[in-house]
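Q: Please take a close look at a single buried position in this predicted model and describe its setting in detail. Please then set that position in the context of the rest of the chain.

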Amino acid sequence: MRILLVEDDPMIGESVCDGLRAERYAVDWVRDGKVADATLARQVYDLVLLDLGLPGMDGMDLLAAYRKRGGVAPVLVLTARGERADRIRGLDSGADDYLVKPFDLDEMYARVRALLRRHPVPQVVAASAAGVPRPILAASPHAQAPAAGLPRPNLAASPRAQAPAAGAPGISCRGLVFNPLTGEITFKGSPLRLNGREYAVMRALLDPPGVVVSRERLEALLVKVDPAASGSADREVFMLRNKFGNDFIRNVSGAGYMIATE
Ligand code: CA
């Protein structure tokens, strides 16, 4: 699995780069938009982590140019721009997901894994033949030999090394299945795409389902995910109800919200 990290901030770049390499991904890091554009034009990547404010070329323009050339790798945008209009523009330009800085590295890993799973390496998909869905592990970076010089993978600590599907740990509730190891959420069998704020709220409500989470706690989580955005837990619950149905999340008067488990 080869990832291109496009980030001009040395501290963020270094921590993301080190973190991903420790998770056994091959990472190329470029700090300039034009260099990134040239790199993407000649090299195939499995995933791109893209900052928006870049020297040389704006990340949004870079993304649009990449998609226009037919670039298909999933793009996870890492940005300090929390404005709704910016996010919508980014998604319209072909971003697959968003993380607003400052973000949690664990959340970033979960999103990287989820994106890679949704966009498996083409040859791996082709090899599965026979119409039987191939276990996600086939596309896992851990299924490949570690690159020379990298420490041995710590399989016990690697979520991708765990058994797929059947034995997978997870929280299951009214058609929703949440895998806490990968961060993936499926609803009625289909993977569901949540933005960072929705994901933070859903994750809190799922821990465990049926327990009331106060509005204050949800709002504290939301500020952590996205300090720039205004709005409240109520708004995110509204958005989640649009996805899961109105009766999925119950408002417990004066206390907060909970997932209605029955
Ligand atoms: Ca930047």
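A: Glu 7 sits in the loop that runs between β1 (2–6) and α1 (10–22). In this predicted model, the residue has a relative accessible area of 0% and is therefore classed as buried, the cut-off being under 20%. Its side chain reaches the backbone nitrogen of Asp 9, at a distance of 2.9 Å. Leaving aside residues up to four places away in sequence, Glu 7 touches Ile 12, Gly 13, Trp 29, Val 30, Arg 31, Asp 51, Leu 54 and Lys 101.

One of these partners, Lys 101, leads to a further feature of the backbone. Lys 101 is joined to Pro 102 by a cis peptide bond, with omega at about -5°. Pro 102 itself is found in the loop between β5 (97–100) and α5.

Helix α5 (residues 105–118) in turn leads to the largest cavity, to whose lining it gives the most, with five residues. This cavity holds about 160 Å³ of space, and the structure has one cavity of 30 Å³ or more. Its lining consists of 14 residues, and those nearest the centre are Ala 114, Arg 118, Gly 183, Leu 194 and Tyr 199. By class, six of the lining residues are nonpolar, two are polar and six are charged. Domain 1 (2–118) and domain 2 (171–259) each supply at least three residues to the lining.

Tyr 199, named above among the residues nearest the cavity centre, is also one of the buried residues of α7. Nine of the ten residues of helix α7 (residues 196–205) are buried, so this helix is largely enclosed by the rest of the structure. The buried set comprises Gly 196, Arg 197, Glu 198, Tyr 199, Ala 200, Val 201, Met 202, Ala 204 and Leu 205.

Two members of that set, Glu 198 and Val 201, connect the description to Val 237, a residue of helix α9 (residues 233–244). Val 237 and Glu 198 are 39 residues apart in sequence, while their C-alpha atoms are 7.6 Å apart in space. Val 237 touches Val 201, together with Ile 249 and Tyr 257, when residues up to four places away in sequence are not counted. Val 237 is buried, with a relative accessible area of 0%.

Two further loop positions deserve mention for their backbone geometry. Arg 24, located in the loop between α1 and β2 (26–30), has a positive phi of about 80° although it is not a glycine. At 15% relative accessibility, Arg 24 counts as buried. Lys 188 lies in the loop between β8 (185–187) and β9 (190–191), and its phi is near 50°, a positive value in a residue other than glycine. Lys 188 is exposed, with a relative accessible area of 66%.

As for the chain as a whole, its secondary structure comes to nine helices and eleven strands. Of its 262 residues, 44% count as buried. Among contacts with a separation of 6 or more, 58% are between residues 24 or more positions apart.

Notes. Residues are numbered from 1 along each chain as its sequence is written. This is a predicted model: local features need pLDDT of at least 70, side-chain atom pairs count only at pLDDT 80 or more; totals for chains, interfaces and linings use all residues. Side-chain values use heavy atoms; hydrogens and water are left out. On a 1 Å grid over the protein atoms alone, a cavity is a set of points where a 1.4 Å probe fits but cannot get out, and a pocket is an open set with protein on both sides within 12 Å along at least five of seven lines; lining residues have an atom within 4 Å of a point. Grid points are joined across faces, edges and corners, and a volume is the space filled by probe spheres set on the points. Helices (H or I, at least four residues) and strands (E, at least two) are DSSP runs, numbered from the N terminus. Ala, Val, Leu, Ile, Met, Phe, Trp, Tyr, Cys and Pro count as nonpolar, Asp, Glu, Lys and Arg as charged, and the others, Gly among them, as polar. Domain bounds come from an automatic or database domain assignment. Buried means under 20% relative accessible area, exposed over 50%, partly exposed in between (1.4 Å probe, protein chains only). A polar contact is a pair of N or O atoms within 3.5 Å; within protein, one must be able to donate a hydrogen and the other to accept it, and residues adjacent in sequence count only if both atoms are side-chain atoms. Contact means heavy atoms within 4.5 Å.
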